[in-house]
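Let's take a walk through this structure together, starting with charged side chains and ending with a pair of helices. Have a look at it first.

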Amino acid sequence: MRESGLFKPALLWLLLLAPLFFSTYGLATWVTTQRSDVGTLVFGWENHMPFWAWTIVPYWSIDLLYGFSLLLPSTRHELKQHALRLLTAQVIAVSCFLIWPLRFTFERPELDGVFGWLFAVLAGFDKPFNQAPSLHIALLVILWVMYQRHTQGFWRWVVHGWFALIGISVLTTYQHHFIDLPTGALAGWLCVWLWPVEHPTPLLNARLTRDAKRGWLGARYGLGALALVTLALALGGWGLWLLWPAVSLGLVATNYWLLGAQGFQKRSDGQLTPAARWLYAPYLAGAWINSRLWTRSHPQPDLIVDNVWLGRLPAAREQQPFRAIIDLCAELPINPQGRRYQCVPVLDLITPTSADCLQAAQAIERLRSEGPLLVCCALGYSRSATAIAAWLLHSERAATVDQALAIIRTARTRVVLHPAHRLALEGLSHAR
């Protein structure tokens with residue numbers, strides 16, 4: 001259902017964003033023209049990039065799509081998030097243009113007719129600066145997300161095709177070099193991640209952690225991100241792709257320091273948001289491989305008691321025996337394939353809080369009546385084991401923490417539970 005009265009706030013946002021776009025973009029261009037240290041970053045293969053004059057039409061079309069996109073949201077919340085994405089993209093891109101200016105180097109052929117006129121109008125405003133990250137591509141990602149959200153069937157395929165053509169056009173109109181595209185896409189996805197529609201913004205509950213272990217793990221990921229940035233800049237060329245995993249690790253570090261498990265944006269269906277999947281992709285690949293290596297000698301789950309099983313995050317074929325899944329893993333996605341599912345997200349290598357334990361225990365007791373229930377995390381050794389221990393205590397199947405841990409270790413010998421896990425379990429009665 002569409003909320004009423006959205007046209008006026010949409011118009012107000014457009015009246016704010018449009019002048020801001022042209023003024024800040026023009027300011028960045030003017031500042032760059034005054035500098036003598038403007039460089040270029042061009043790959044050799046780009047000299048073979050064709051010039052297609054007709055692609056100026058999809059290139060220009062993003063201006064209309066920008067304006068109409070503000071009429072698409074169905075709620076004030078969605079409209080606000082979309083407008084904040086557009087605004088944030090402008091801030092990120094213009095800041096980068098001022099800090100790290102680049103110049104486009106190819107000469108366009110002379111043109112006449114309609115295409116020539118469109119290029120002439122563009123050249124009157126858009127000088128060969130303001131390159132990386134491409135604001136055109138950043139806005140493209142944001143608009144693409146919005147338009148595909150509000151189309152279906154045949155029209156969704158039209159949206160995908162046209163937006164893909166816009167993405168290609170930034171190269172074939174000789175407006176951008178290749179480096180501008182992935183950096184622009186990264187900026188666009190960062191804006192979508194910062195202002196999600198399905199979740200509160202990760203900034204809402206940002207708090208500097210007082211947990212020493214979270215701080216230490218955040219520092220490790222932060223140092224990894226810094227090392228990758230240094231290596232990317234030292235290698236140059238294709239080595240610049242290392243900036244993607246650097247951003248990914250930097251965001252993981254931010255989750256440990258500030259944002260918590262919510263920074264991974266795991267949804268109630270077990271999947272990550274599209275923005276999180278793109279931004280965390282290098283980290284997710286490494287985390288998944290790590291989980292499989294650690295559990296390769298014991299991939300199967302273990303029955304603890306009363307049809308409750310403990311194991312690693314299951315692949316599709318490993319879900320067959322189970323009717324319900326409770327997931328303690330914040331970072332890796334899962335497709336529960338129609339099974340009853342609940343996620344209590346906890347950061348990797350971090351002890352669940354007593355409140356997390358209580359929530360997981362109540363979920364286990366509720367869902368185990370559906371049939372065989374799997375309680376899992378990335379490895380099935382720590383976070384999920386703590387959840388089952390909490391359930392054993394909560395349901396009075398175990399009288400003490402020691403008894404609960406003994407039951408679990410009898411069934412799954414490699415569980416890893418430290419004194420911090422014991423403290424969380426001992427605080428369960430207080431949380432209850």
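R312 is a buried residue, with a relative accessible area of 9%. Keep in mind that we're looking at a predicted model here. So who does R312 pair up with? Its partner is E318, and the closest N and O atoms of this salt bridge sit 2.7 Å apart. E318 has a relative accessibility of 22%, so it counts as partly exposed, since buried would need a value under 20%.

Now move on to R383, which makes a salt bridge with D348; here the closest N and O atoms are 3.4 Å apart. Where do these two sit along the chain? R383 belongs to helix α12 (residues 383-394), while D348 is in the loop between β4 (340-346) and α11 (354-367), so the salt bridge ties together parts that are 35 residues apart in sequence. Is R383 buried or exposed? It counts as buried, because its relative accessibility is just 3%. D348, on the other hand, is partly exposed, with a relative accessible area of 21%.

Some salt bridges share partners, and that's how D306, E365, R368 and R397 come to be joined into one network.

How many salt bridges does the structure hold? The count is 16. One of them is between the side chains of E78 and R149, with 2.8 Å from N to O. This pair links distant parts of the chain: E78 is in helix α3 (residues 76-99) and R149 is in helix α5 (residues 135-149), which puts them 71 residues apart. E78 is buried, at a relative accessible area of 4%, whereas R149, at 38%, counts as partly exposed.

Let's leave the salt bridges and turn to two helices. Helix α9 (residues 243-259) packs against helix α10 (residues 274-294), and their axes are 8 Å apart. The angle between them is about 95 degrees. Because angles from 65 to 115 degrees count as roughly perpendicular, that's the description that fits α9 and α10.

Which residues meet where these helices pack? From α9 come W244, P245, S248, L249, L251, V252 and N255. Across from them, α10 brings in W278, L279, Y280, A281, P282 and Y283. Sort the residues of this contact by type and you get 11 nonpolar, two polar and no charged. So while you're in this part of the model, try finding those side chains on both helices, W244 and W278 among them.

How values were computed: Residues numbered from 1 in each chain as written. Predicted model: local features only at pLDDT ≥ 70, side-chain atom pairs only at ≥ 80, totals over all residues. Heavy atoms only, no water. Salt bridge = Lys/Arg side-chain N within 4 Å of Asp/Glu carboxyl O. Helix = DSSP H or I, 4+ residues; strand = E, 2+ residues; numbered from the N terminus. Buried < 20%, exposed > 50% of the residue type's maximum accessible area, 1.4 Å probe, protein only. Axes fitted to C-alpha atoms, helices over the stretch in contact; angles between N-to-C directions. Parallel < 35°, antiparallel > 145°, perpendicular 65-115°, else oblique. Contact = heavy atoms within 4.5 Å. Nonpolar A, V, L, I, M, F, W, Y, C, P; charged D, E, K, R; others polar.
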